[in-house]
Amino acid sequence: MTDIRLNIDGFDITVNPGTTILEACKRLKINIPTLCYHPDQDIKGSCRVCVVEVEGNKNLVASCCTPVKEGMKVKTNTKRVREARKNMLELILANHNGDCLTCVRNGSCELQALCDELNVRNDNLDKVYSKLPIDNSNPSLVRDLSKCIKCGRCIEVCHKVQGVGAIYNVNRSCEMEIRPPLNKNLSDVQCVYCGQCINVCPVGAIYEKDDIEKVWDVLEDENKHVVVQVAPAVRVSLGEEFNLEPGSIITGKIVNYFKKIGFDKVFDTNFTADLTIIEEGNELLYRINNGGKLPMLTSCSPGWIRYIEHFYPELLEHVSTCKSPQQMFGALAKSYYAEKNNINPKDIVVVSIMPCTAKKAEAKREEMNNEGNSDVDIVLTTRELAKMIKESRIQINDLEEEKFDDPFGISTGAAVIFGASGGVMEAALRTVYEVVTKNELENIDLKEVRGLKDIKEAKVKVGDLNVKVAVANGLNNAKVLLDLIKEGKADYHFIEIMCCPGGCIGGGGQPIPGTNDIKEKRVKGIYNADSKAKIRKSHKNPAVVELYKEFLIKPLGEKSHKLLHTHYKDRS
Amino acid sequence: MVNLISRLCGKISPLSIKDYKNNKGFKALEKVLFKMEPEDIIDEIKNSNLRGRGGAAFPTGLKWSFVASEKNECKYVICNADEGEPGTFKDKILLDGCPFQIIEGMIIAGYAVGAKTGYIYIRGEYPKSRNILTKALDILRNEGYLGKNILGKEFSFDIEIRSGAGAYVCGEETALIESIEGNPGRSRFKPPYPPNQGLWGRPTLVNNVETLANIPIILSIGSKEYKEYGTESSAGTKLLSVSGSIVNKGVYEVEFGITLREVIYDICGGLRDNKKLKFVQLGGSSGACLPKEMLDTKLDFDKLNELDIGLGSGAVFVSNEDTCILDFIKSTMEFFKHESCGKCTPCREGNRHIINIINRIIDGDGTERDLELLNSLALLMKDTSLCGLGQAAPTALITTMKYFSEEYIEHIKGYCKTGSCGKGEF
């Protein structure tokens, strides 16, 4: 096909057929305003903010959904265009509560930024926004329809990427709202609390439940021993909230910050990620050697667990019984750590910093406790941590790097890659190989399972066994593998599933925006951290070895079962 | 008045295939199946200058050629019988009066563009017509006009019926396609256009009932004779649905080129009770409101185009001197507020603000600034809405603000000369 020549604002440009006017403008560094457009999503063409003039067209055209044509003459900055865009934003603002100053997205709101950039200074129309109550019926997500601008991005991610379908376009015309069907709350439908809808929302219509104040309160309570754990994906993304490049690793500064604000101990979820590998690896070997259910499915991602409980309960026996690293951490903090330091577990508060909104709901699962003490008490997302840092006025970029505390501060490169899709699988195989063969694994990078690709497969020879594995990220991709299992066509031994696209680095609690470009940089940060780690295999973590010697005795042993393993529930 | 397209309506028993054949029914189909190549048929339709009768007036032959040139094993023909434009009831006359003629048009369209499946999308409020169509399709299947190897020719075509649940927007071709696919009726952005990617992503021809009813006639009498009806730019006839304050309401088939005055006074017997004409709304609720000074406007695509007016579906609504413009616009906009699908911003949000402002003016709280706001909202909707619904919704508002501006100003000053908008009731 031949190239298309057109003229935009007096400049000639040649582009490939099928290019939209919006994309052609981008090539000329003309930044057309958009709202419903998202670089990783389908074109919607519904907000109409991106309109431009095309010679010969009676009406303005939406540049996001109009392909270029040979000889087209486009004008992007005429009075007619500017006024249409401003008037469009006025219509949107009239149906938006406009509480910018107290909004969770103040400063990161696309509507707010656009109104400023396009010089919207009038507010002529009657306010007509939804007066429905805020839906905060569940432990993870809050929906505020008075801010929704009906762009439809959340619906697309919920249906097309996650295959969940908790929210829809309900009603029509100006009564159209995006919400669960039949006036239900999110807690009444099959929402998995992944928070991907938050990540694509241009405004503050969906956000995580704010638990920051709870953390400040326990830090001021002298009777509490407050420990914090930081998930692997947080360290490569938090910097984005402080103007650092995505993928910048600021682990040591985060540790320093927590010490400054008064946490008694600062630990690393990576430690229990290593532990998960030992338990899960041994569970896999046990299943292989004793005719257990295969393929075994990973269990670290709570959104994924809710998904299988809702949609494929008949396959729950495939899911590893291992708790997630977050929960293993909490269980050990209130047993092993408490015993060792002679602290009453009831006085210990476990705070987690997670890239995830579903972790808030996971921590509240009734089975996640030991003798009445819940494993994890408070979960903050990466974004909440950023807000906390800002609120405390400490300049995190200026802090020195500090080290995590012992004993849960020692970890390996295998643990840090838990943060990216494929990481659990790679870490598990590093360990399983060496446990089974007793030989050292030379080439430890399992590159086939890395990256943002939907479904990844690999085969690894472990002794006499050809281990076949698969990795899926995003629940709609998980569905493909689950259907194969149901049909008896999945001849894998082990499948890693992460709820969010890209794995935890793309979690629902991560900095916004989190486009695929940004996710790739975060992934790079993760594998950088792994390659720089002194120890890169979980079973070589000396603190984990010590933990088994002193406390757990052996993988899948009695204590492990009590503290580190769990069970699931049919929620269909 | 002429009797070309509607010649059999009311004259024959609608479900009698014998009556239809005795009146040259299926002659066109036999002719094209055995004597014409698909490209010859399309050329003939192009030569006839037939333009779509649903409202957009797109050249039919050209549309057919787009679908025909798509290389795809699977294509569809859809008959748009979702006659939802207020004041429009001409398709119903054809559907009830001579269903075979429409179906014959569809079969020919299928043969010409290379489609094997057709759908008739009929509005849910026409259960009687749907019933007639269902029976008509059964009869034609039994008689070998539908199904495998039609009339022994290596051409198979069958038709299914689908109904909407009453949404006006489903008359818009892409919303109609969404509805057939089982989705809520919301318009798609174009391109891609249905002839390239329509129903289930396949090339799809969507034609209005009246357009399809023209097909057997054109192919029977030939494009040359057909063009003797109407004007040079607008060939053939048009079915008008005339309603409002006139003596004889109904559907009338007229040649293009007729004036509104002739329609209203010569055909329809003028206004009831000797009232004075205030305006004529042409093309349904989405059409322009024309003052009496424009009654000599000829119904001709090019002539109307020069005035930036559309013929639309051919609805002619006549309003007398008792009508308050603001009251009328309020009901019109209430209709569009109810019928907007809610997808694009200007249509979803625009209608209700227009209504709020009109209400404010009717209530005596309007200002000059409100008129500016009305104007900018109307222009925004027209200029930026995703589909025809939103683009056309403010047409009545725009044209009345142009031709009856003094009445808006009167209301702002607290006065309504008709007294029918409720103004003055304190």
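Reader: How many residues of chain B are in contact with chain A, and how many of chain A are in contact with chain B?
Author: Bear in mind that this is a predicted model. On the chain B side, the elements giving two or more residues are α12, α13 and α14 of chain B. The full count is 27 residues of chain B in contact with 26 residues of chain A.

Reader: Which element gives the largest share of the side of chain B that touches chain A?
Author: By class, that side divides into nine nonpolar, eleven polar and seven charged residues. Nine residues come from a single helix, and this largest share belongs to α13(B).

Reader: Are α2(A) and α14(B) roughly parallel or roughly perpendicular?
Author: Take helix α2 (residues 79-94) of chain A and helix α14 (residues 368-384) of chain B: their axes are 10 Å apart, and the packing angle is about 105°. Angles of 65 to 115 degrees count as roughly perpendicular. That makes α2(A), relative to α14(B), roughly perpendicular.

Reader: Which residues of α14(B) does α2(A) meet?
Author: The contact has three nonpolar, three polar and one charged residues. From α2(A) come A:Ala84, A:Asn87 and A:Met88, and they meet B:Ser376, B:Leu380, B:Asp383 and B:Thr384.

Reader: Where around α17(B) do its buried residues sit, on the same side or on opposite sides?
Author: In helix α17 (residues 405-412) of chain B, the buried ones are B:Glu407, B:Tyr408 and B:His411. A helix has 3.6 residues a turn, so residues three or four places apart point the same way. Here the arc covered around the axis is only 105°, which puts the buried residues of α17(B) on the same side.

Reader: Which exposed residues does the other face of α17(B) carry?
Author: The buried residues of α17(B) have a cover that includes α12 (325-339), α13 (345-362), α14 and α16 (395-403) of chain B. Turned away from that buried side is a face with the exposed residues B:Ser405 and B:Glu406.

Reader: Which helix gives the most to the largest nonpolar core?
Author: That core has 294 residues, and B:Ile78, B:Ile108 and B:Ala109 touch the most other members. Leaving out residues up to four places away in sequence, B:Ile108 touches B:Ala28, B:Leu29, B:Val32, B:Ile41, B:Ile215, B:Pro216 and B:Leu219. Ten residues of the core come from the top contributor, helix α6 (residues 99-113) of chain B.

Reader: Is A:Ala428 buried or exposed?
Author: You'll find A:Ala428 in helix α14 (residues 423-437) of chain A. Beyond four places in sequence, A:Ala428 touches A:Ile277, A:Glu280, A:Gly281 and A:Phe494. It takes 20 or more C-beta neighbours within 10 Å to qualify as buried. A:Ala428 has 25 inside 10 Å, so this residue counts as buried.

Reader: What is the omega of the peptide bond from A:Leu294 to A:Pro295?
Author: Most peptide bonds are trans. A:Pro295 lies in the loop between α8 (269-289) and β12 (296-297) of chain A. The bond from A:Leu294 to A:Pro295 is cis, with omega near -10°.

Reader: And what about A:Asp406 to A:Pro407, cis or trans?
Author: A:Pro407 is in the loop between α12 (382-392) and α13 (413-416) of chain A. With omega near 0°, the peptide bond from A:Asp406 to A:Pro407 is cis.

Reader: What phi does A:Asn342 have?
Author: Its place is the loop between α10 (325-341) and β13 (348-354) of chain A. A:Asn342 counts as exposed because it has 6 C-beta neighbours inside 10 Å. Although A:Asn342 is not a glycine, its phi is positive, about 55°.

Key. Residues numbered from 1 in each chain as written. Chains lettered and ligands numbered in written order. Predicted model: local features only at pLDDT ≥ 70, side-chain atom pairs only at ≥ 80, totals over all residues. Axes fitted to C-alpha atoms, helices over the stretch in contact; angles between N-to-C directions. Helix = DSSP H or I, 4+ residues; strand = E, 2+ residues; numbered from the N terminus. Parallel < 35°, antiparallel > 145°, perpendicular 65-115°, else oblique. Contact = placed C-beta atoms within 7 Å. Nonpolar A, V, L, I, M, F, W, Y, C, P; charged D, E, K, R; others polar. Buried ≥ 20, exposed ≤ 12 C-beta atoms within 10 Å, placed from the backbone. Arc of directions from axis to C-beta. Core = buried A, V, L, I, M, F, W, Y, C linked by C-beta atoms within 7 Å.
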